[in-house]
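I am keeping notes on what I look up in this structure, entry by entry. Empty space, packing and a few single residues are on the list.

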Amino acid sequence: MPKTGAVAVPLRVQNHVLATWNAVPTPALLCDRIFDAAFTGEDGWWHGVLGGLARFLGALHRLPADDLVGVLPSRSAGSAWLASDGEAAAGVRRARDRLPSHLTPLMTEKARWPGTPPRNTAVVHGRFSTGVCAPTSPVAILGWREAGIGDPLSDVAYLMGEVLEAAALTGVAPQTLHLRIGTFLTRYQTSLGRSLNAAEGEWLSVLTARRVIDHYAQATWALGPDDTLREVLPKVEKQWLVLHEVASS
């Protein structure tokens, strides 16, 4: 595991039949912090956390994935549980089709992009969410059950989707979000050891749009229809456009 920017907290193998996973209960998670309006203006904290996560993720994606093909599971279909045939995954897919997509026309169109994605593979976390991170110093990254070999930008999109959702819900100015996303992507590319090309920037916009839509579909499936989505979704699309601008530059 990388030892820069953040700290991985993987499973512990107790014996040949038992492994244990660390867990941190809400409200002691990173998601509790970033969706709290009280931390909206904490730019130093934001840049420190996002910079650390970027360095960690770049180092993870730099690992020699070819050596681990056949050892780690394939995550080429994206999120392991959403790609499954389980009842919950099917429910989320049905909820996705019922979302008021006319409120997010640009993001929805991008999510349906039929093009060919860049052919990159790496060791991925698989669910690089603020909901599996603890805001310790450095940030602790848990939830490695869905790790495997997959598209590295899926990890980036997972995190960026939550960052822009938090910005929409806490009233962060677009220029502030632009700086936060730009800082993350700059440090990620530095840690990765190369720059993302134009096709990868476009693909990141696609994956982030899909991640945001899936996130609201999960909430709709779990909690039922929510009338506040009609107010929230247009705000989220405006912040997604900020990510699209940064990723395309």
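**Entry 1. A proline in a loop.** I looked up P138 and found it in the loop between β5 (133–134) and β6 (140–141). The peptide bond that joins S137 to P138 is cis, with omega at about 0°. I note here that the model is predicted, and that local features need pLDDT of at least 70.

**Entry 2. The enclosed space.** I searched the whole structure for cavities of 30 Å³ or more, and one came up. The volume of the largest cavity is about 40 Å³. I listed its lining as L30, I34, W45, W46, V49, L50, L53, T130, L159 and V163. Which helix gives the most to this lining? I found that α2 does, with five residues. At least two lining residues come from each of α1 (30–34), α2 (43–61) and α5 (152–170). By class I get nine nonpolar residues, one polar and no charged.

**Entry 3. The largest pocket.** I put the volume of the largest pocket at about 1000 Å³. Its lining has 44 residues, and A77, G78, L207, R210 and D214 lie nearest the centre. Helix α7 gives the most to this lining, with eight residues. I also checked which elements supply at least two residues each: these are α3 (87–98), α4 (105–111), β7 (148–150), α5 and α7 (198–223). The lining of the largest pocket divides into 19 nonpolar, 13 polar and twelve charged residues.

**Entry 4. The second largest pocket.** The second largest pocket holds about 320 Å³ of space. I count 21 lining residues from the output, with R127, S129, T130, G131 and V132 closest to the centre. Helices α5 and α7 each supply at least two residues of this lining, and the largest share, three residues, comes from α7. The classes are ten nonpolar, seven polar and four charged. T130 is a name I had already written down, in the lining of the largest cavity.

**Entry 5. G131.** I followed G131 from the second pocket and placed it in the loop between β4 (122–124) and β5. Is G131 buried or partly exposed? I class G131 as partly exposed because its relative accessible area is 29%, and partly exposed runs between 20% and 50%. Leaving aside neighbours within four places in sequence, G131 is in contact with L29, C31 and E162. I also took the C-alpha to C-alpha distance from G131 to V242: 23 Å in space, with their positions 111 residues apart in sequence.

**Entry 6. The nonpolar core.** The largest nonpolar core has 65 residues, and L53, V156 and F184 touch the most other members. Helices α1, α2, α3, α4, α5, α6 (174–192), α7 and α8 (229–248) each supply at least two residues of this core. Helix α5 gives the most, with eleven residues. In soluble globular proteins, nonpolar side chains tend to be buried together. I then took F184 on its own: beyond its neighbours within four places in sequence, F184 is in contact with L50, L53, A54, L57, V156, L159 and M160. L50, L53 and L159 are also in the lining of the largest cavity.

**Entry 7. Helix α8.** I checked the span of α8: its 20 residues reach 27 Å from the first C-alpha to the last, close to the 28 Å expected at 1.5 Å a residue. The buried residues of α8 are L229, V232, L233, V236, E237, Q239, W240, V242, L243, V246 and A247. An α-helix has 3.6 residues a turn, so residues three or four places apart point the same way. What covers the buried residues of α8 includes α4, α5, α6 and α7.

**Entry 8. Two arginines.** I looked up R180, which lies in helix α6. R180 counts as buried because its relative accessibility is 2%, and the cut-off is under 20%. Apart from neighbours within four places in sequence, R180 is in contact with T40, D43, W46, H47, L50 and V172. I then looked up R211 in helix α7. R211 also counts as buried, because its relative accessibility is 8%. Not counting residues up to four places away in sequence, R211 touches A157, Y158, E162 and Q218. E162 had already come up in my notes as a contact of G131.

Definitions and conventions: Residues are numbered from 1 along each chain as its sequence is written. This is a predicted model: local features need pLDDT of at least 70, side-chain atom pairs count only at pLDDT 80 or more; totals for chains, interfaces and linings use all residues. Side-chain values use heavy atoms; hydrogens and water are left out. On a 1 Å grid over the protein atoms alone, a cavity is a set of points where a 1.4 Å probe fits but cannot get out, and a pocket is an open set with protein on both sides within 12 Å along at least five of seven lines; lining residues have an atom within 4 Å of a point. Grid points are joined across faces, edges and corners, and a volume is the space filled by probe spheres set on the points. Helices (H or I, at least four residues) and strands (E, at least two) are DSSP runs, numbered from the N terminus. Ala, Val, Leu, Ile, Met, Phe, Trp, Tyr, Cys and Pro count as nonpolar, Asp, Glu, Lys and Arg as charged, and the others, Gly among them, as polar. A nonpolar core is a set of buried Ala, Val, Leu, Ile, Met, Phe, Trp, Tyr and Cys residues joined through side-chain atoms within 4.5 Å. Buried means under 20% relative accessible area, exposed over 50%, partly exposed in between (1.4 Å probe, protein chains only). Contact means heavy atoms within 4.5 Å. The expected span of a helix is 1.5 Å times one less than its number of residues.
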